[in-house]
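Colleague: I'm new to this one, so could you pick a single part and take me through it slowly? I'd like to start from one residue and work outwards.

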Amino acid sequence: MKYFALLITLFFINFNQKTDKLTGRYNYLIEDDNAYVQKDKITFKDSVFAFDNKYLPKGKISYGNVILLDNFINTDLIISIPKDQIKKDTIPFFMHDKKSSSANYLDEVVGKGKLVRIK
């Protein structure tokens with residue numbers, strides 16, 4: 001009986017754990033001269049994102065300590081999002097250039113912006 005209770009407890013613990021993932025539609029705004037300019041809309045689903053603009057490629061989302069959006073607008077641009085921000089309606093992000101001169105391109109920020117959830 002105690003093993004049955006332990007099994008049920010472990011099942012509910014695993015069932016209640018959720019992985020934090022980006023989902024839904026967002027406007028993305030880029031900071032330009034201390035003002036935010038709206039560029040396009042993005043749809044996030046599981047580990048892929050796509051722009052509403054059909055000419056921009058789809059990209060991959062990597063989940064870890066920092067969430068990374070790879071192939072954002074072009075192949076050299078990568079976006080980093082702090083993991084604790086993805087539950088919010090307005091998510092700040094930082095842009096990094098893969099061809100950066102620094103040893104780790106994530107250490108050098110080339111731009112920033114915000115994702116604003118569309119309800």
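Modeller: Happy to, and let's start with Ser-80, which counts as buried because its relative accessibility is 8%, below the 20% cut-off for that label. Do keep in mind that this is a predicted model.

So where does Ser-80 sit? Its place is in strand β6, which covers residues 77-82. Leaving out residues up to four places away in sequence, Ser-80 touches Val-66, Ile-67, Leu-68, Phe-93, Phe-94 and His-96. His-96 deserves a second look, since the side chains of Ser-80 and His-96 also make a polar contact at 2.7 Å.

Val-66, Ile-67 and Leu-68 on that contact list take us to strand β5, residues 66-70. Strand β5 is antiparallel to β6, and the two pair over 5 bridges. To find one of those pairings on the screen, look for Ile-67, whose bridge partner in β6 is Ile-81. Is β5 enclosed or open? It's largely enclosed by the rest of the structure, because 4 of its 5 residues are buried. For comparison with the whole protein chain, buried residues make up 29% of its 119 residues.

Now follow the chain between β5 and β6. The two strands form a hairpin with 6 residues between them, and Asn-71 in that hairpin takes a positive phi near 70 degrees. Asn-71 belongs to the loop between β5 and β6. A polar atom of the Asn-71 side chain lies 3.1 Å from the backbone oxygen of Lys-58. Again not counting residues up to four places away in sequence, Asn-71 touches Phe-49, Pro-57, Lys-58, Gly-59 and Leu-77.

Gly-59 in that list leads us to the other neighbour of β5, which is strand β4, residues 59-62. Strands β4 and β5 run antiparallel and are joined by 3 bridges. One pairing to look for is Lys-60 with Asp-70 of β5. Here too there's a hairpin, with 3 residues linking β4 to β5. Put together, β5 pairs with β4 and also with β6.

With that corner in view, step back to the rest of the chain. The protein chain has 1 helix and 8 strands, and the order along the sequence is α-β-β-β-β-β-β-β-β, so the helix comes before the strands in that pattern.

Strand β1 is a good second stop. It covers residues 24-32 and runs antiparallel to strand β2, residues 35-45, with 9 bridges joining them. Glu-31 has Tyr-36 in β2 as its bridge partner. The hairpin of β1 and β2 has 2 residues between the strands, and Asp-33 there takes a positive phi near 55 degrees. Strand β1 also pairs with strand β8, residues 111-117, in the antiparallel sense over 5 bridges. Within that pairing, Tyr-26 has Arg-117 of β8 as its bridge partner.

Two overall figures round off the tour. Taking contacts between residues at least 6 apart in sequence, 32% join residues at least 24 apart. As for the outside, the protein chain exposes about 8,200 Å², with carbon and sulfur atoms supplying 55% of it.

If you go back to the start, find Ser-80 in β6, then look for the side chain of His-96 at 2.7 Å.

Definitions and conventions
Residues numbered from 1 in each chain as written. Predicted model: local features only at pLDDT ≥ 70, side-chain atom pairs only at ≥ 80, totals over all residues. Heavy atoms only, no water. Buried < 20%, exposed > 50% of the residue type's maximum accessible area, 1.4 Å probe, protein only. Contact = heavy atoms within 4.5 Å. Areas by Shrake-Rupley, 256 points an atom, 1.4 Å probe, with all protein chains shown as cover. Pairing = 2+ DSSP bridges. Polar contact = N/O pair within 3.5 Å; in protein donor to acceptor, adjacent residues only side chain to side chain.
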